[in-house]
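Visitor: I'd like to learn how to read a fold feature by feature. Could you walk me through one?

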Amino acid sequence: MELFSIRIRRTFQLVSTLGGKKIAITCKKCNNTCGHETDIHLVNFITYLEEQEFLPGSNRRVKIFDDETTINANLEVGNTKELKMIIPNKINNPKALTNHLSKLTVGGIIDIQNHPLKIDMKKVSTAILKNAYIILFARFGYSFLLNSFYDRIREQILNPAKHIIPESLWTKQTSISVKDGIYFSNSNVYRGFFIIYSLTKLRTHHFCICIPTPQVYFEAIAYYFREYKAGIPIYMMGSDGIDYFQNIDNIKALNKWLVNWSLGSPV
């Protein structure tokens, strides 16, 4: 029997555990800073997106409003998307809760709002950039990353709130036919590395970020992707099965590709 209707009041916000695994060792400062100041914003960003979908099996903190008070509650979404409201005594004023419950009527409307999540989109972008940088480091080591061109990335990671690297170097895909990995692009417009990786909470979220070679400005690639139209192909080459970590010839070929427009392939 349906006792109450629920009216969701959504608050638009510009704006762990996400299925990752250990792939590289980072310094204590970087690890602590990223975990406390950036990764939580990425986790909250993904949580926010999933909350909008009311995914079966999900739950979230909500606030219930009436004319006199605000009640804290948990909203659970069942496997068939039925909604279940749980109102714990320990996170509410007992008198206010009793008063609120006494006013509920069959068929009445409960006005609720998702509990606000702390999300800073600049820090979300920094977390996404940091993940891509670590993936590059795990694959290539410092064979080229010590180039001063990439100092801006390191500075951005250690100063997540500052605007050092443009935010529009990445995109989030609901589905993508390209598997996770590192890809090369020879385009003179966006010449560099495309890093594709997935993070999983209740569902899987795919991220793609472009980190340029030293020949291309970060701002130039950001401008291109801001103007990019859906359906325009982006050409990339895979790098699976090629040893860029220990094979000297491959490392030399990669470094030549980084600084020479005429080389069509880094191998």
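Guide: We'll go through the sheet, the helices, the cores, the cysteines and one strand residue.

Guide: A word on the source: this is a predicted model, where local features need pLDDT of at least 70 and side-chain atom pairs count only at pLDDT 80 or more, while totals for chains, interfaces and linings use all residues. Residues are numbered from 1 along each chain as its sequence is written, and side-chain values use heavy atoms, with hydrogens and water left out.

Visitor: Let's start with the sheet. In what order do the strands of the open sheet run?

Guide: Strands of a sheet pair through backbone hydrogen bonds, either parallel or antiparallel. Here the 5 strands have the order β6-β9-β8-β7-β10, with antiparallel pairing. Strands are DSSP runs of E, at least two residues, and helices are runs of H or I, at least four, numbered from the N terminus. Two strands pair if DSSP finds at least two bridges between them. The edges are β6 (170-173) and β10 (237-238), each of which pairs on one side only. β8 and β9 share 9 bridges in the antiparallel sense, and G192 has P212 in β9 as its bridge partner.

Visitor: Which strands does α3 lie across?

Guide: α3 lies across β6, β7, β8 and β9, at about 110° to β8. α6 also packs on the sheet, touching β7 and β8, and its direction makes about 110° with that of β8. Contact means heavy atoms within 4.5 Å; axes are lines fitted to C-alpha atoms, for helices over the stretch in contact, with angles from 0 to 180 degrees between N-to-C directions.

Visitor: Which residues of α5 are buried?

Guide: An α-helix has 3.6 residues a turn, so residues three or four places apart point the same way. In α5, F218, I221, A222 and F225 are buried. They line one face of the helix, because they fall within an arc of 100° seen down its axis. That arc is taken from the directions from the helix axis to the C-beta atoms. This buried set packs against α4, β8 and β9. Buried means under 20% relative accessible area, exposed over 50%, and partly exposed in between (1.4 Å probe, protein chains only).

Visitor: And which residues of α4 are buried?

Guide: In α4 (residues 151-158) they are I153, Q156 and I157. Those residues also fall within an arc of 100°, so they line one face of α4.

Visitor: How many residues does the largest nonpolar core have?

Guide: In soluble globular proteins, nonpolar side chains tend to be buried together. A nonpolar core is a set of buried Ala, Val, Leu, Ile, Met, Phe, Trp, Tyr and Cys residues joined through side-chain atoms within 4.5 Å. The largest one has 47 residues, and those with the most contacts inside it include L42, F140 and I153. α3 gives the most to this core, with 8 residues. Apart from it lies another core of 11 residues, among them I64 and L97.

Visitor: Why do C208 and C210 not form a bond?

Guide: A disulfide is a pair of cysteine sulfur atoms within 2.5 Å, and the structure holds 0 of them. The sulfur of C208 is 7.6 Å from its closest cysteine sulfur, in C210, so that is too far for a bond. C208 is buried at 12% relative accessibility, and C210 is buried at 1%.

Visitor: Last one: which residues does E76 touch?

Guide: E76 lies in β3 (residues 70-77) and is partly exposed, at 31% relative accessibility. Not counting residues up to four places away in sequence, E76 touches S58, N59, E82, L83, K84 and I86. The C-alpha atoms of E76 and N59 are separated by 4.3 Å, though these residues are 17 apart along the chain.
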